[in-house]
Amino acid sequence: MTALRPSCRGDFEIAIICALPLEYNAVALLFDQFWDGDGDKFGRAARDDNAYKTGRIGKHSVVLALLPGMGKVSAAAAAASMRSSYVALRLVFLVGICGGAPHYNQDEILLGDVIIN
């Protein structure tokens, strides 16, 4: 079963945020279909400077964003803007190394690890 094309931004419940273009490009390869191939039909809220790509992964409509810069402030601002544009989000993934995280508590973080905090 595939997802129906959303009619508005309020139909998106899943988002993925990437800090680096390399991570963003890798995640974009996971999409089965893009909803914005012929232009951004969903728009964004006023004062939201994020750039979004929307589409389908499996049966889920997903919004993908690339952070405009590195750091906690950039990530927080991008997340707040995303929340104002996509008000129905229920699950948001921050994907990638995000500038490096060699240890979590006392454990080394390796490629492929998933950290839920």
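## A walk through the predicted fold

Leucine 91 touches Glu13, Ile14 and Ala15, once residues up to four places away in sequence are set aside. That makes a good place to step into this structure, which is a predicted model. Leucine 91 sits in strand β5, a strand that covers residues 91-95. One of its partners, isoleucine 14, is 77 residues apart from leucine 91 in sequence, yet the two C-alpha atoms are 5.0 Å apart in space. Leucine 91 itself is partly exposed, with a relative accessible area of 38%.

Let us step back to the whole chain. The protein has two helices and seven strands, and their order along the sequence reads β-α-β-β-β-α-β-β-β. The contact between leucine 91 and isoleucine 14 belongs to a wider picture of links across the sequence. Among contacts between residues at least 6 apart in sequence, 70% join residues at least 24 apart. Of the 117 residues, 32% are buried. The protein exposes about 7700 Å², and carbon and sulfur atoms supply 58% of that area.

Now turn to the helix α1, which spans residues 21-28. Which residues of α1 are buried? They are Glu23, Tyr24, Val27 and Ala28. Looking down the axis of α1, you will find these buried residues within an arc of 135°, so they line one face of the helix. The cover over them includes strands β1 (14-18), β2, β3, β4 (60-66) and β5. Strand β5 is familiar by now as the home of leucine 91.

Strand β3 deserves a closer look, and lysine 53 is a handy guide to it. Leaving aside neighbours within four places in sequence, lysine 53 is in contact with Tyr24, Phe34, Asp36, Val62, Val63 and Leu64. Tyr24 in that list is one of the buried residues of α1. Lysine 53 is partly exposed, at 26% relative accessibility. If you trace from lysine 53 to leucine 66, you cover 13 residues in sequence, while the C-alpha atoms of the two are 9.0 Å apart in space.

Further along β3 comes arginine 56, and with it a charged pair. How many salt bridges does a search of the whole structure find? The answer is one. Aspartate 32 forms this salt bridge with arginine 56, and their closest N and O atoms are 3.8 Å apart. The pair ties together distant parts of the chain, with aspartate 32 in the loop between α1 and β2 (33-34), arginine 56 in strand β3 (residues 52-57), and their positions 24 residues apart in sequence. Side chains of opposite charge can pair when their charged atoms come close. Is arginine 56 buried or exposed? Arginine 56 is buried, with a relative accessible area of 11%, and the reason it counts as such is that buried means under 20%.

The second helix, α2, runs through residues 72-85 and holds serine 85. Serine 85 is buried, with a relative accessible area of 2%. Its side chain reaches the backbone nitrogen of alanine 45 at 2.8 Å. Apart from neighbours within four places in sequence, serine 85 is in contact with Arg9, Arg44, Ala45, Asp48 and Tyr52.

Serine 81 is found in helix α2 too, and it is buried at 17% relative accessibility. With residues up to four places away in sequence left out, serine 81 touches Arg47, Asp48, Asn50 and Tyr52. Asp48 and Tyr52 are also among the contacts of serine 85.

One of the partners of serine 81, Arg47, is worth a pause. Arginine 47 lies in the loop between β2 and β3 and is exposed, with a relative accessible area of 77%. Most residues other than glycine have a negative phi. Arginine 47 has a positive phi of about 65° although it is not a glycine.

Finally, a word on the cysteines. How many disulfides does the structure hold? The count is zero. Cysteine 18 is buried, with a relative accessible area of 0%, whereas cysteine 8 is partly exposed at 35%.

Terms used
Residues numbered from 1 in each chain as written. Predicted model: local features only at pLDDT ≥ 70, side-chain atom pairs only at ≥ 80, totals over all residues. Heavy atoms only, no water. Disulfide = S-S within 2.5 Å. Buried < 20%, exposed > 50% of the residue type's maximum accessible area, 1.4 Å probe, protein only. Helix = DSSP H or I, 4+ residues; strand = E, 2+ residues; numbered from the N terminus. Polar contact = N/O pair within 3.5 Å; in protein donor to acceptor, adjacent residues only side chain to side chain. Contact = heavy atoms within 4.5 Å. Salt bridge = Lys/Arg side-chain N within 4 Å of Asp/Glu carboxyl O. Arc of directions from axis to C-beta. Areas by Shrake-Rupley, 256 points an atom, 1.4 Å probe, with all protein chains shown as cover.
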